[in-house]
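Reader: Please show me the sequence and the structure. Then let us go through them in short questions.

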Amino acid sequence: MELRPILSALMRSKVSMILIGLQVALTLAIVCNALFIIGQRLDRMHRPSGMNETDTFWFGSNGFGQGYDVKAVQQSDLALLRQMPGVADATSTNSVPMSGGGWGTGVNLQPKQKTQTARTTLYMVDAHALDTFGFNLVAGRNFKPEEIESHTQSERLQSAAVIMSKALADKLFPNGDALGKQIYLDDDSPASTIVGIVERAQQPWVWADNDSIENATLVPTYLPYGNSTRYLVRTEPGRRDEVMKAVEQKMSEANPSRIIGKLRSIEQVRREAYAGDRAMAIILGAVIFALLGVTALGIVGMASFWVAQRTKQIGTRRALGATKFDILRYFQTENFIITTMGLIAGGILAYAFSLWLMQNYQSPRLPWYYVPIGFLCLWALGQLAVLGPALRASRVPPAVATRSV
Amino acid sequence: MFAYYLQLGLRSLRRNPILTALMVVGIGLGIAASMTTLTVLHLMGSNPIPWKSDKLHYVQLDNWSADDPFFDDGRPPDQVTYRDAVALMEAGKADKQAAMFKLSLPIQPENKELKPFQSLGRVTYADFFAMFEPRFKYGGAWNRDQDHSHARVVVLGKDINEKLFGGQDSVGRTVRMNGVDYSIVGVLDDWKLHSKYYDLTVGAFSEPDEFFMPFTTAIDLKQRASGNNSCWKTPADGWDAYLDSDCIWIQMWVQLDSPARLAEYKSFLDSYVGEQKKLGRFPRPINNRLLDVTEWMRDQRVISRDVEVQTGLAFAFLAVCLVNTIGLLLAKFTRKSGEIGLRRALGASRREVFAQFLIESGVVGLTGGFLGLLLTGLGLLAVRALYTEYKTVAQLDWSMIATTIVLAITSAVLAGLYPTWRACRVQPAAQLKV
């Protein structure tokens, strides 16, 4: 392939060449980094919570007025919920994974320890929790009904027995022998014994990093917040929406001196928790799409112009014996050269961009393979974009060379 | 002459409709992307109270554990304890001061047709209204005496007054919340804040407060905050022990009318913490901060990182669109070398050719700008659909519309500059030869 005539032709329209190259370079840098960010967000959004998310929902009950016995209402609510048709099980809990609000505390291996060994969230639940959440018990046992303690907000939390996620258990006891060990859920609280370990249980805070997101502990406690209690309900498969409506009505009827808060399915809790990540992914996706479109159209426009400008030369070449394929190949090669130069600059720009994101936004480093993949995609985009004008060029009849102007 | 060039420009643009459309759409998309993100960025970070943002200061004291800082980077905790808030309120050393926290209460309407509902409000001091200056529709704030007497009074937001009293003047009437009657002293008018800057600890774009009541009253009734509560030591049992503890759950603002007052207040805080140290509290080194409104908003990252990254990417995208437009204009103008040569040979000066083609680029920019404005509107609708909590910051105002148009024309003219310069350097003689 004769590269020299192509290069010397390019040298005569340096500016246009630089413009296309610059466009390709910026496109590569933006697309690589945007795709990487989208990938990170999708990873975050798909972290498993460890619970059954499809058949569960939760809601709050806020009592009001003097003489409201929050504990008695909790007991009767749970009894009512558990016998409703379509309900598989129910528990009271202070929080659920991904809900964004909950109880966090330090967890220590020694009493009066100065710095915390780890931090954990506490889910204050009863003996129905494992069944209702759908947490998978991998070692030990469930809470016993007699272990459930009732507290008020002004009392110190004490639980003799706790169940924790495997991630937290392994962090505290790296030898894997956490079951039966004692921990301290505060600087000077009495010891708690780990009676059970669940495969996975996520914290309520989705901004937590992957290292700490599964630091969760279940404590057998009922602790109303003032006159407020929250319930988690698991329904029989496929009956969630219908049961939600029935529960909302039943709960309001059961006691008029309280307000039933909005019922939220855990699927909705997940959607709301990750709405920002989803939005970011969609917006960056739209930018990538528009960017590739603009770049492709830019190449088409420029190539069409070059073809029009060189119609006479093309005719001359054809008259001198060049085949249609030679003409086509000429324009494809020319595009390849320009794109490649742009891509080399773009590769450097992509890493510079990534460095800026790392420094300002604690973003991780762009993995090396994004840039080579970007190369392949933009080469393909360039070749496709130039194909139309190049085909038009190849159809220029040799007779054009003989006409003047 | 301008009108004639405009006409020439339009005619030339109509001659290559596809190329023209490419340029207009390119500029339009680039403008829309950058203006959508810039609008959100601009409104998110906009100063909510420009006339006194440097006078309002957020109080931070470091009462945290000696072994474990509150923030790893050494910034002091973002809230204060009850005992410190009350001590600072009672000292009254600032020109105005207000401690506050968020509270969720059930409201039991008199009107039996309305079901009781849960409402989010704010517990604070009388000075709050003078400091943050919401406008009243009816009545006014409670006074400092009512703070002292733990009065059962309430100021309602506009929406809740609409709901409970059909928007009528309800001052003097009562509203029952959690079994207690409060008498209404004031009703706020619309209070449109882009961000809820006076309490950034529970999200800058959370719903507006629906009611306000005196701090002292809420403490009397043992109401716990609905915001964040952090403790580094578990408090002993009981409400009084909780109030006495080192748990932080209160936001504290002071108004200091001059730099001298600010300096005085700083030294007052230092001596206050010094005295507390003698009582065995505040084990960490003195680390008081008095950030003003804009500094506090920056510290709390009211402008989210995502929006900053999006804006950066959108402007990079605009750059690509402009490079694209330069290329296309260059192509277009180069094709017209013959025409330019003819005009020059007939006596047109370079300046005139320059003006003619710059006007043509300007027309492209203006059209692209209008398209961009339209797409920006759509883009903001999309942002509102994607981020439901951004409804206060995803709206166009006149300054942003003007910015859009100016940005569009400037970019198009800048993009047109080089191709135009090339066009007017055409040598007449070279073009007239066949």
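Reader: How far apart are the end C-alpha atoms of residues 336-357 of chain A?
Author: This is a predicted model, in which local features need pLDDT of at least 70, side-chain atom pairs count only at pLDDT 80 or more, and totals for chains, interfaces and linings use all residues. Residues are numbered from 1 along each chain as its sequence is written, while chains are lettered from A and ligands numbered from 1 in the order in which they are written. The span 336-357 of chain A is 100% helix and 0% strand (helices are DSSP runs of H or I with at least four residues, strands runs of E with at least two, numbered from the N terminus). Its end C-alpha atoms lie 30 Å apart.

Reader: Which residues of chain A does UniProt place in the feature "transmembrane region"?
Author: The entry is unreviewed. UniProt positions are given in the numbering used here, feature names are shortened, and annotations may be inferred rather than shown by experiment. One of the spans, 279-308 of chain A, is 100% helix, with end C-alpha atoms 43 Å apart. The record lists residues 279-308, 336-357 and 369-387.

Reader: Which element gives the most to the side of chain A that touches chain B?
Author: The contact takes 47 residues from chain A and 44 residues from chain B (C-beta atoms, placed from the backbone, within 7 Å). On the chain A side, α2 (14-45) and α8 (275-309) each supply at least two residues. With 18 residues, the top contributor is α8(A).

Reader: How many charged residues are on the side of chain A that touches chain B?
Author: Asp, Glu, Lys and Arg count as charged; Ala, Val, Leu, Ile, Met, Phe, Trp, Tyr, Cys and Pro as nonpolar; the others, Gly among them, as polar. That side has 25 nonpolar and 17 polar residues. The charged ones number 5.

Reader: Is A:Asp211 buried or exposed?
Author: A:Asp211 sits in the loop between β9 (192-198) and β10 (216-222) of chain A. A residue is buried if 20 or more other C-beta atoms, placed from the backbone, lie within 10 Å of its own, exposed if 12 or fewer, and partly exposed in between. A:Asp211 has 9 such atoms, so A:Asp211 is exposed.

Reader: What is the radius of gyration of chain B?
Author: There are 15 helices and 11 strands in chain B. The globule rule (2.2 Å times the number of residues to the power 0.38) gives 22 Å for 434 residues. Chain B is well over that, so it is more spread out than a compact globule. Its radius of gyration, taken over C-alpha atoms, is 30 Å.

Reader: How far apart are the C-alpha centres of domain 1 and domain 2 of chain B?
Author: Domain bounds come from an automatic or database domain assignment. Domain 1 of chain B covers 2-47 + 304-433, and domain 2 covers 62-287. Their C-alpha centres lie 50 Å apart.

Reader: Which residue stands opposite B:Thr124 in β9(B)?
Author: In β9 (residues 211-214) of chain B, B:Phe211 and B:Met213 point one way, B:Phe212 and B:Pro214 the other, and all are buried. Strand β4 (residues 117-124) of chain B pairs with β9(B) in the parallel sense over 3 bridges (pairing needs at least two DSSP bridges). The residue opposite B:Thr124 is B:Pro214.

Reader: What is the bridge partner of B:Leu156 in β9(B)?
Author: Strand β6 (residues 153-156) of chain B runs antiparallel to β9(B), joined by 2 bridges. The partner of B:Leu156 is B:Phe211.

Methods:
Two residues are in contact if their C-beta atoms, placed from the backbone, lie within 7 Å.
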